[in-house]
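Hi,

Here is the structure I promised to pass on. Have a look at it first, and then read my notes underneath.

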Amino acid sequence: MNTLQHGGPDAQGAAPHDFSTNGNGCGPCPEVAKALRQVSAAHYPDPRYTALRQQLAAFHAVSPARIVMAASASEFISRITAAVARVRPGTAVALPRLSYGDYARAAQAWGLAARCDEPVTADVGLAWHCEPSSPLGQSEAGLGTRLRTADPSAVQVIDRAYEPLRLDGMADVPDAALDTVWQLWTPNKALGLTGIRAAYAIAPTDAGDAVERVHAMAPSWPVGAHGVALLASWVQPSVQRWLDDSRTVLRHWKALQRKRCDDMGWHSLPSNCNFFVAAPPVKDVAQLGGRLRAHGVKLRDTASFGLPGHVRMAVLHPDSQHAWEEAWRAVRGI
């Protein structure tokens, strides 16, 4: 059983006020939700996803040959780690200092040593970057330089799950550098539809045999009919306009939520995204999480990211923010 900690529903089901996942609090996107309702699941998708890959390629202005479909971000993380391990067994995997646990878990599954926040030297076969980062939601300073100075034999991947939910700032990565790395995209978060599992990666321009190797290691039909509908909708101008409008709303909600943190005595850290990290004024964050969960509020303990004593909070509607404050007052006896 996969015991890695994630946000979202638990044994009690979905929390009425779930701050633990980073889906777009303005979602689901109505246009995409409508497209999903109209999907016919009577047939398999095209096993090569020809039309979908062309749409995604046009959206990113790259060749369709560079588009690799994935069942989810987690599935691609496992698959590309396996692909690197087959070619370079015993290699090291470089991780950000604070990062999503699936990167290290995939390395461990293939017997690869995971190292945090170190230069990408000749003994590193796979290097992970997250831009913007999770759990902090910040841009990685000097990422362009790190990519440029890394050992050229390393496979480098930028997880861009939160780029569509960036509310300010920009990535410190020149466009030319993006052509030298893998980019992993998971639009379900931006569309507020995390229950639909579908993702894709953009391969480097000179990936060569690596692309075919990663394709060959995929299961048949990694993306089902509903995932295809989500990704095809994702590239539509009207959906991108909805996303842009939602970012405006999220900026306002975020300002309210951070002020509420200040008023409650929770110390929040800077963030460029629709989520941020905060330190509640308690000694036991895990215990606090359990008590708040009993009041219908769920937070993400960041200990699994390597940051104990903090929680990650998605930006939600002010009604949910009010429920969180009321739950906090209840458990603190205020």
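Below is what I found on the nonpolar cores and the salt bridges. Please keep in mind that this is a predicted model.

Let me start with the inside. The largest nonpolar core is made up of 52 residues, and Met69, Leu191, Tyr200, Trp266 and Met313 have the most contacts within it. Helix H9, residues 237-264, supplies the largest share of this core, with seven residues. If you would like one residue to click on, try Met313: beyond its neighbours within four places in sequence, its contacts include Phe19, Cys261, Trp266, Phe275, Leu299 and Trp324. There is also a second, separate core of 30 residues, with Ile77, Ala85, Cys130 and Ala203 among them. In general, nonpolar side chains in soluble globular proteins tend to be buried together.

Now for the charged side chains. The structure holds twelve salt bridges, and helix H9 is a good place to see some. There, Asp244 pairs with Arg247, with 3.4 Å between the closest N and O atoms; these two residues are three apart in the helix, about one turn. Arg247 counts as buried because its relative accessibility is 15%, under the 20% cut-off, whereas Asp244, at 40%, is partly exposed. Also in helix H9, Asp263 and Lys259 sit four residues apart and form a salt bridge at 3.0 Å, N to O. Asp263 is exposed, at 55%.

Elsewhere, Glu118 bridges to Arg115 at 3.0 Å between the closest N and O atoms. Finally, Glu131, Arg160, Glu163 and Arg166 are joined in a salt-bridge network.

Happy browsing!

Technical notes: Residues numbered from 1 in each chain as written. Predicted model: local features only at pLDDT ≥ 70, side-chain atom pairs only at ≥ 80, totals over all residues. Heavy atoms only, no water. Core = buried A, V, L, I, M, F, W, Y, C linked by side-chain atoms within 4.5 Å. Buried < 20%, exposed > 50% of the residue type's maximum accessible area, 1.4 Å probe, protein only. Contact = heavy atoms within 4.5 Å. Salt bridge = Lys/Arg side-chain N within 4 Å of Asp/Glu carboxyl O.
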